[in-house]
Amino acid sequence: MRKFLVVLFLVSLASGLSAQEATIKVIDRNIGINYFGELGFRPGVELDYGWELLKVQKEKQKRIFERSLSMRPSIGYYHYAKYSNNYLFSLKFNYQFKFINKQSKKHLFVEPFVRLGYLRYFFSGDVFETVGNEIEKVNFRGTNSFIFGGAFDLGGYLTKRFDWLLGFDYFAERTEDKLLLNRFVAKLGTRIKLNLK
Amino acid sequence: MKYLVPILFLVLFSQGCSNEELFIEDARRDLWLIHEGAKLPIVVEGNTQSKVFVILLHGGPGGTAQDYNAGAKPFTDVLESDYAMVYYDQRNAGLAVGEWNEEKLTIEQHVEDLDKVIDLLLQEYDNDIQLFLAGHSWGGYLGTAFLLESERAARVQAWININGLVHRNRNLFDVIERVEQIGSEQITEGVNEDQWQSVLETVNLEKDRGIVQYDVDSEDSVFDLIRQAENQIDRDKVLDNIFSSEFSAIYNDNYDPFRILQTDTKSRDRTLRSQMYLFDLIIEEAVENITLPTLNIYGYYDVNTPLQQGEYLFNEIGTLDEDKKIVVLGKSGHSSMRNEPVELANEMIEWIEKYKR
């Protein structure tokens with residue numbers, strides 16, 4: 001069911017990039033670095049790489065309206081105090097609506113996305129495991145879960161190479177024993193363009 | 001070579017510190033115990049220097065120890081200044097993680113888990129620490145079940161039963177009786193007479209069912225009665241609510257309301273509840289084996305696990321009369337740690353001081 005929804009989403013996006021507009025050569029690549037705060041305050045960082053797959057542009061008198069679909073592999077980390085250190089490996093599909101001022105070349109964008117991934121917890125503190133009648137200290141223990149969700153990012157021109165980014169992220173988490181619907185993330189960061197053409 | 005001496009000094013110094021830091025006045029240590037598919041978070045917080053460790057068993061089944069440690073600081077802070085408090089989340093409860101295995105979701109497994117937590121404490125701290133066991137609500141049932149075996153009971157100095165469930169079936173009759181008593185008193189005092197009259201009508205309906213042995217299907221109506229009575233007690237404004245803010249619990253501690261809510265909902269299934277009705281028979285047979293000093297603390301307005309449960313435990317255990325006691329907190333409901341946090345903590349301290357070596 002989940003796979004079906006993802007495929008449906010991608011097909012809808014592709015068909016949405018209408019033939020009436022100019023499809024342009026895909027060139028943009030960028031790296032994103034964000035503060036990644038679960039519930040806003042559990043601190044973390046996210047590093048992602050944007051790989052544009054499709055892009056169409058529509059020119060108007062004063063601005064250019066651009067739509068694009070990107071794939072963004074992402075690595076995230078956040079610290080849940082007194083509980084766990086969490087590593088998130090995920091893949092996002094971002095659909096960007098970008099408004100470019102023709103004169104100043106400055107832009108703003110809004111970018112809904114879906115995210116699928118794997119979340120690994122490493123427990124904070126000392127971890128022990130019973131082995132027969134003994135209790136042994138063990139390292140690097142934690143738990144695994146799969147996550148799925150999405151939300152949207154907002155961003156805009158900062159310098160020729162940098163964009164600012166403010167994002168909100170929601171994902172559900174399938175743990176070993178339950179489905180948690182509780183991950184809200186606030187993001188603040190930058191995107192570094194790798195190709196300035 | 002010039003760096004070798006300072007490095008060695010630092011290594012030796014840090015080793016020395018870590019040992020000493022085990023026993024300090026305001027310790028906080030996070031531990032995890034992985035046992036039989038469950039991953040249990042354990043927090044040791046407070047005065048470890050006292051070498052008196054109080055294990056507080058949370059309610060539920062499916063609650064969390066963080067309700068006390070992070071959510072009821074006016075209560076736990078008083079205890080933590082004198083003793084090391086031990087909070088752990090039981091399997092498939094609160095912040096615990098691990099597999100969901102119905103076969104392991106048993107009272108016996110919960111008892112074994114507690115035993116392993118004690119093993120870990122004795123291993124990580126000195127063998128000369130003194131352990132006291134306290135349990136709230138379902139934690140009262142778990143604690144009582146743990147103490148039925150004398151070998152296990154010998155590991156702790158004393159038992160503190162806080163608004164504890166002791167006998168599942170009997171408790172439902174105690175609830176009906178207690179609601180009737182409180183309702184009649186409130187009517188006599190002229191407090192919300194019409195509403196209490198309506199509660200007493202529900203009491204009579206429940207009595208008319210003529211049930212002598214409840215089960216997980218038939219008990220629901222009694223829980224409806226409990227909710228009705230608790231809501232009425234809230235409206236009567238006889239109870240104070242003194243607790244730390246949830247915001248603070250989330251920001252300053254590891255309280256995770258979303259995770260706890262999900263776990264709580266799932267843990268309220270029939271598995272453990274149905275087992276309790278069978279386990280009642282074991283309680284009836286073996287409760288007299290408990291000879292440990294036992295303090296029962298109940299809220300006067302507790303209609304969830306009323307003070308009759310404490311009276312049952314008080315009367316049935318084999319403890320000498322001078323080593324058992326019932327305390328009724330006059331302005332408390334089921335959550336005495338929120339209604340009268342300091343009074344509850346002081347009663348516990350008095351009991352621990354009496355029985356610590």
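Student: How much area do chain A and chain B bury between them?
Tutor: In this predicted model, chain A and chain B bury about 2,900 Å² between them, with 54% of that area on carbon and sulfur atoms.

Student: Which three residues of chain A supply more of the area buried against chain B than any other three?
Tutor: They are Lys82(A), Tyr83(A) and Phe128(A), which supply 24% of the area that chain A buries against chain B.

Student: And how many residues are in contact on each side?
Tutor: The contact involves 31 residues of chain A and 33 residues of chain B.

Student: What about salt bridges across the interface of chain A and chain B?
Tutor: The rule finds three salt bridges there. Glu176(A) forms a salt bridge with Lys39(B), and their closest N and O atoms are 3.3 Å apart. As for polar contacts, 12 residue pairs are counted between the two chains, with both residues at pLDDT 80 or more.

Student: Which strands of chain A supply at least two residues each to the side that touches chain B?
Tutor: Strands E6, E7, E9 (142–157) and E11 (179–193) of chain A each do so. By residue class, the side of chain A that touches chain B divides into 13 nonpolar, eight polar and 10 charged residues.

Student: Does any strand pairing cross between the chains, and if so, which strands are joined?
Tutor: E7(A) is joined to strand E1 of chain B, residues 27–35, by four bridges, and the two strands run parallel. Within this pairing, Asp126(A) has Leu31(B) in E1(B) as its bridge partner.

Student: Back to Lys82(A): where does it sit in the fold of chain A?
Tutor: Lys82(A) lies in the turn of the hairpin formed by E4(A) and E5(A), where three residues separate the strands, and has a positive phi of about 60°. Strand E4 (residues 63–80) and strand E5 (residues 84–101) of chain A run antiparallel and are joined by 18 bridges. One bridge partnership there links Tyr77(A) with Tyr87(A) in E5(A).

Student: What does E5(A) form with E6(A)?
Tutor: Those two strands form a hairpin with five residues between them, and Lys105(A) in the turn has a positive phi of about 70°. The pairing of E5(A) with strand E6 (residues 107–123) is antiparallel, over 15 bridges. Phe99(A) has Leu108(A) in E6(A) as its bridge partner.

Student: Where in chain A is confidence lowest, and where highest?
Tutor: Helix H1 of chain A (residues 2–16) is lowest, at a mean pLDDT of 54, whereas strand E7 (residues 126–131) is highest, at 97. For chain A the mean pLDDT is 88, and 88% of its residues reach 70 or more. Where pLDDT is low, predicted coordinates should not be read in detail.

Technical notes:
Residues numbered from 1 in each chain as written. Chains lettered and ligands numbered in written order. Predicted model: local features only at pLDDT ≥ 70, side-chain atom pairs only at ≥ 80, totals over all residues. Heavy atoms only, no water. Pairing = 2+ DSSP bridges. pLDDT = per-residue confidence, 0-100. Contact = heavy atoms within 4.5 Å. Buried area = accessible area lost by both parts, 1.4 Å probe. Salt bridge = Lys/Arg side-chain N within 4 Å of Asp/Glu carboxyl O. Polar contact = N/O pair within 3.5 Å; in protein donor to acceptor, adjacent residues only side chain to side chain. Nonpolar A, V, L, I, M, F, W, Y, C, P; charged D, E, K, R; others polar.
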